[in-house]
Amino acid sequence: MMSETGKPISRIDGRLKVTGQATYAAEFNQPNMAYAFPVRATIAKGRITSIDDAATKKEPGVISVISYKNALKLKPLDMQAQAKAGAAFLGENLPPLQDNKVHYPGQFIAVVVAESYEQARTAAYKLKVRYAVEKAATDLKAELPNSKKPTKLMGEEAQVNGGKAATPLATSAHRVENTYSTPVEHHHPMEPHATVAVWEAADKLTLYDTTQGVGLTGAIAAYFFGLQQENVRVIAPFVGGGFGSKGLWLHTLLVAMAAKTAGRPVKLALTRQMMQTNVGHRAATIQRVALGTDTAGTLKAIRHHTDTYTNLTEFFEPSGKQSLVLYKAPLREVTYNVAKLNRGTPTFMRAPGETPGTFALESAMDEMAYQLKMDPVAFRIANHTTKDPMKGHDFSSEFLVDCYRIGAEKFGWSARSMEPRQKRNGNYLVGYGMATATYPGGRSAASVKVSMTAKGDVTVMTASIDIGTGTYTVLAQTAADALGVPVERIQVKIGDSRLPAAPLAGGSQTTASIHPAAMEACVLLRKELAALAIADPSSKLHGRKPDEIGYADGKLVLNGDEKKTDAYADIISRAKRAEVEACATTLPVSGAGLTVPSALCTPREIPAEQNSDSKHYAFHSFGAQFAEVWVDEDLGTIRVKRFTSVQDVGRIMNEKTARSQIIGGVIFGIGAALMEATEYDKRWGSPVVRTLADYHVPVNLDVPPIDVHFIGKADPHISPIGARGIGEIGITGVAAAIANAVFNATGKRLRDLPLTPDKLV
Ligand code: MOS
């Protein structure tokens with residue numbers, strides 16, 4: 001049988017999606033369901049002094065009005081206790097409606113529950129709230145003098161070699177130092193956030209929630225409501241995009257509170273306007289990058305300082321991350337100042353850190369190459385590193401130089417001239433630019449269960465999520481190969497916290513984490529089937545040793561004698577079993593080590609030797625991005641005309657879904673480069689870009705042909721499967737490649753995203 005893994009097969013859930021049969025959170029309507037609509041703060045900072053709900057309560061259909069005055073008391077924040085319960089990873093540290101304080105405009109301060117959505121929404125607008133207003137922090141630059149230097153960044157040291165680059169930079173023969181800035185960006189997944197909350201009993205809760213992690217959402221809800229984790233079930237079979245915005249946000253707790261108070265199932269769906277404020281964003285950054293080289297162009301030091309802000313979380317935009325991984329400079333200094341703003345809380349957004357960070361570092365690399373009169377590709381190859389510069393470990397598998405070379409060839413890089421303004425096409429100045437892409441290769445613990453019926457049908461089960469990435473499809477491919485069963489006979493069940501635990505679908509780690517467990521579960525299932533066959537006198541494999549038995553085409557086969565077979569279905573039928581199942585847990589290798597909160601299957605066998613490589617290798621993906629831009633000299637408009645992306649992400653599990661991930665990432669990067677920005681009113685602190693209509697993202701005409709190539713070599717250390725993640729790396733380096741191409745076209749260096757026409761003319 002041909003291997004299914006790697007084939008560009010179309011999504012097995014594609015038909016369900018395009019025919020409207022795939023059910024999303026807001027579509028899980030319940031009998032006797034009521035509707036919740038939140039009321040949001042209209043000030044940036046202060047206290048609520050009074051709430052008058054008389055008019056609200058008079059509106060037709062209103063069931064309850066909940067504010068801090070009458071809200072259910074939730075368990076208070078306690079980071080240590082939350083961490084123990086797997087409930088630390090909250091979008092913002094603000095259990096809803098617990099006091100009268102306001103921390104940002106748009107904060108949920110009340111919720112109205114009514115018989116219909118329209119009634120709840122109308123009544124919500126009638127709530128009269130008075131405040132005592134305090135002076136709010138609304139402007140990053142103004143708050144920088146009050147900023148802090150955080151010591152920790154997701155468990156790692158935040159400040160690296162502070163002050164140490166000054167001397168090597170001062171003595172470098174060549175130096176560039178500039179400030180790069182990036183705006184607030186919003187995720188805006190196609191499916192807005194929504195939750196349906198159902199209390200099955202006083203201590204038993206079911207949440208239909210659009211989330212990137214059913215286990216995580218369940219653990220957090222259990223923690224704040226004081227429930228047993230097994231009594232909270234979270235269901236999310238389909239999720240319409242997330243990009244980091246679908247961790248746990250407060251509306252999920254709010255609607256569970258509302259359902260408890262109303263004694264009925266309640267639905268809450270956020271409006272697009274609420275998604276500008278209540279489910280995170282990428283914070284703005286101001287980054288100062290300095291590079292120093294000797295006369296030959298060998299890097300001596302990299303310094304990367306970021307000014308940014310946060311609000312009600314420890315998280316801040318880690319835009320120095322790639323500056324600890326790329327290039328062979330002997331010294332790197334990476335530091336952060338983090339202010340606090342009264343603005344909806346920032347969070348993870350596709351390649352958090354690397355997206356703004358590669359814009360700064362890779363623009364600076366281009367500026368240095370130009371100063372050195374070196375080709376930007378040659379400059380990067382000359383400073384390439386095969387080891388993690390901080391840890392000194394070899395990368396587990398690394399083909400970045402091949403990415404540069406293949407990219408340069410496919411793109412036609414040799415036609416680029418070093419000097420800007422050399423290429424024209426009518427009214428357009430034409431430029432070429434490139435940049436490096438990089439993202440960590442994470443792999444967390446995961447459990448997968450596989451069962452097979454007496455008919456030979458297979459079900460693969462894990463509490464993972466498909467946020468549009470292709471999880472369903474690729475899991476079926478892995479199981480098909482590991483069992484020798486066609487993809488069509490495999491059903492995949494995910495998106496339910498009752499299933500064996502899987503990590504959050506974030507950090508580009510889903511494929512790398514769940515596939516080793518899926519493969520192991522299939523191996524265990526085959527062992528179980530082999531044991532049944534060996535013990536059965538009517539089997540052709542009776543009395544054989546387990547290691548004499550192989551498999552193919554839905555059968556166990558005696559090695560070296562293809563006539564001696566026993567079909568899986570026959571083995572199970574003769575054993576008079578309805579089904580045979582196996583469950584495997586595999587350990588983390590690398591990455592953030594996000595805990596797996598809900599139940600792991602009882603591991604019958606943990607292949608620990610698979611995981612020993614974590615101590616000896618650094619796990620990273622790499623790539624090269626190439627852009628051609630056309631700049632209208634009169635209007636200052638920039639068009640990306642074509643784009644080439646070459647990615648080294650380990651083994652490719654499905655050529656089609658993998659390509660789609662990179663194309664999506666590059667489009668996301670074009671948005672960040674040319675148009676995306678959320679502006680805020682400095683007086684009131686609220687966003688003036690208030691809806692998706694105001695928030696500009698690329699449309700078809702903005703998206704050029706995107707040529708994607710994969711190195712495709714399996715990573716021998718991350719897992720026996722060899723796949724690293726692919727969700728986020730596609731966006732990294734894109735904005736720098738475009739800005740570098742704009743310099744090549746026009747001779748103007750733009751260091752402030754997005755590259756809008758006003759900055760060119
Ligand atoms: Mo991603 S920003 O880890 O969902």
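This note sets out numbered points on a predicted model of a protein chain.

1. **Domains.** The domain assignment divides the protein chain into domain 1 (18–135 + 187–275), domain 2 (146–185 + 281–441 + 619–759) and domain 3 (443–605). The student should note that domain 1 is written as two stretches of sequence and domain 2 as three. The centres of domain 2 and domain 3, taken over C-alpha atoms, are separated by 39 Å.

2. **The contact of domain 2 with domain 3.** Domain 2 gives 21 residues to this contact, and domain 3 gives 18 residues. On the side of domain 2 that touches domain 3, strand 19 (428–440) and helix 16 each supply at least two residues. That side of domain 2 consists of 12 nonpolar, 7 polar and 2 charged residues.

3. **A recorded feature.** An unreviewed UniProt entry places the feature "domain: Aldehyde oxidase/xanthine dehydrogenase a/b hammerhead" at residues 19–135. Over residues 19–135 the model has 16% helix and 30% strand. The end C-alpha atoms of this stretch are 51 Å apart.

4. **The nonpolar cores.** Which residues touch the most other members of the largest nonpolar core? They are Val112, Val113, Ala479 and Ile738, in a core of 214 residues. Helix 14 provides the largest share of this core, with 12 residues. Another core, of 14 residues, lies apart from it and includes Ala284, Tyr309, Val338 and Met349. As a general background, nonpolar side chains in soluble globular proteins tend to be buried together.

5. **Contacts of Val112.** With residues up to four places away in sequence not counted, Val112 touches Ala36, Phe37, Val39, Thr56, Val62, Val65, Ala120, Ala123 and Ala124.

6. **Helix 13.** Helix 13 covers residues 471–483, and its 13 residues should span 18 Å at 1.5 Å a residue. The end C-alpha atoms of helix 13 are 18 Å apart, which agrees with that expectation. Helix 13 is mostly covered, since 12 of its 13 residues are buried. Among the buried residues are Thr471, Tyr472, Leu475, Ala479 and Leu483. Ala479 thus deserves a second look, as one of the residues that touch the most other members of the largest nonpolar core. The buried residues of helix 13 pack against strand 20 (446–453), strand 21 (458–461), strand 22 (490–493), helix 14 (510–535) and helix 16 (655–674). Just after helix 13, Gly484 has a positive phi of about 70 degrees.

7. **Helix 8.** Helix 8 takes in residues 250–262, and at 1.5 Å a residue its 13 residues should span 18 Å. Its end C-alpha atoms are 18 Å apart, in agreement with the expected value. Is helix 8 largely enclosed or largely open? Helix 8 is largely enclosed by the rest of the structure, because 11 of its 13 residues are buried. These include Leu250, His251, Leu254, Met257 and Ala262. Gly263 follows helix 8 and has a positive phi, near 65 degrees.

8. **Positive phi outside glycine.** Most residues other than glycine have a negative phi. Asn32 is not a glycine, yet its phi is positive, at about 65 degrees. Asn32 sits in the loop between helix 1 (14–18) and strand 1 (34–40). Is Asn32 buried or exposed? Asn32 is exposed, because 8 other C-beta atoms lie within 10 Å, and a residue with 12 or fewer counts as exposed. Ser508 is not a glycine either, and has a positive phi of about 50 degrees. Ser508 is placed in the loop between strand 22 and helix 14. Ser508 is buried, because 25 other C-beta atoms lie within 10 Å, and 20 or more is the mark of a buried residue.

9. **A cis peptide bond.** Most peptide bonds are trans. Leu753 and Pro754, however, are joined by a cis peptide bond, with omega about -10 degrees. Pro754 belongs to the segment after helix 17 (734–746).

10. **His174.** His174 lies in strand 9 (residues 174–182). His174 has 17 other C-beta atoms within 10 Å and is therefore partly exposed. His174 and Gly297 are 123 residues apart in sequence, and their C-alpha atoms are 7.8 Å apart in space. Leaving aside neighbours within four places in sequence, His174 is in contact with Gly292, Thr293, Met368, Gln371 and Leu372.

Key:
Residues numbered from 1 in each chain as written. Predicted model: local features only at pLDDT ≥ 70, side-chain atom pairs only at ≥ 80, totals over all residues. Helix = DSSP H or I, 4+ residues; strand = E, 2+ residues; numbered from the N terminus. Expected span 1.5 Å × (residues − 1). Contact = placed C-beta atoms within 7 Å. Core = buried A, V, L, I, M, F, W, Y, C linked by C-beta atoms within 7 Å. Domains from an automatic or database assignment. Nonpolar A, V, L, I, M, F, W, Y, C, P; charged D, E, K, R; others polar. UniProt positions renumbered as here; feature names shortened; annotations may be inferred.
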